[in-house]
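This report looks at the fold of one chain and then at the packing of two of its elements.

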Amino acid sequence: MRIVIRLPQVLVGIGVVALGAVGLAAIAQYAFNMQPCPWCVLQRFIYIVVGVLALVAAALPGIARRLFIGLALLGTLSGIASALWQQLHAVNEASCDLSLAERIVSGLHLDSLVPQLFIAYASCGDAAVSVLGIPFAVWSCILYVILALLLAWSLRVSLRSR
């Protein structure tokens, strides 16, 4: 028996996983008191953008699909960059005040639109917690890399099927 994987199914899976990551972050915050820093909050927003772009791409044909896949791929690359920055630089900062992440989140008014998800309650140093011995930012980076690889594969398949 041969399993056939269709591109829209992969894109829906990417969307569900990306949005699920935000759900897990909210559970970590509200059930386990793991308060987010500005970089955590920014990554939540990026996951939502990637998830929505992937879901829209799943519903579109042709060049529009490729455009949305490409935008989602760029989103994952920015997610990788923000997770790496959080882990390698921001975690050593006593304060995240006026960081790029904080300026983006406040500039987009995310903290006032959906404060339950987009208000940073911790500094970057305080938010540096580990799950199974691996920092939360590294888990996020790993997930962004997986999503980026899946989106790159999806873009390649989409380009081949022209």
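## Fold and helix packing

Read from one end of the sequence to the other, the chain of this predicted model follows the pattern α-α-α-α-α-α-β-β-α. There are seven helices and two strands in the chain.

As to overall dimensions, a compact globule of 162 residues would have a radius of gyration near 15 Å, and the chain, with 16 Å, agrees with that expectation. The C-alpha trace spans about 50 × 35 × 25 Å along its principal axes. Of the 162 residues in the chain, 38% are buried, and among contacts between residues at least 6 apart in sequence, 84% join residues at least 24 apart.

Two packed helices are described by the angle between their axes and the distance between the axes. For helix 2, which covers residues 38–59, and helix 3, which covers residues 62–88, the packing angle is about 165° and the axes lie 8 Å apart. Because angles over 145 degrees count as roughly antiparallel, helix 2 is roughly antiparallel to helix 3. The crossing in which helix 2 passes helix 3 is left-handed.

What kinds of residues make up the contact of helix 2 with helix 3? They divide into three classes, as the table sets out.

| Class of residue in the contact of helix 2 with helix 3 | Number of residues |
|---|---|
| Nonpolar | 16 residues |
| Polar | seven residues |
| Charged | one residue |

Taken together, the contact of helix 2 with helix 3 holds 16 nonpolar residues beside seven polar and one charged, within a left-handed crossing at an angle of about 165°.

Methods: Residues are numbered from 1 along each chain as its sequence is written. This is a predicted model: local features need pLDDT of at least 70, side-chain atom pairs count only at pLDDT 80 or more; totals for chains, interfaces and linings use all residues. Side-chain values use heavy atoms; hydrogens and water are left out. Axes are lines fitted to C-alpha atoms, for helices over the stretch in contact, and angles run from 0 to 180 degrees between N-to-C directions. Helices (H or I, at least four residues) and strands (E, at least two) are DSSP runs, numbered from the N terminus. Angles under 35 degrees count as roughly parallel, over 145 as roughly antiparallel, 65 to 115 as roughly perpendicular and the rest as oblique. A crossing is left-handed if the near helix is turned anticlockwise from the far one by less than a right angle, and right-handed if clockwise. Ala, Val, Leu, Ile, Met, Phe, Trp, Tyr, Cys and Pro count as nonpolar, Asp, Glu, Lys and Arg as charged, and the others, Gly among them, as polar. The radius of gyration is taken over C-alpha atoms; the globule rule is 2.2 Å times the number of residues to the power 0.38. Buried means under 20% relative accessible area, exposed over 50%, partly exposed in between (1.4 Å probe, protein chains only). Contact means heavy atoms within 4.5 Å.
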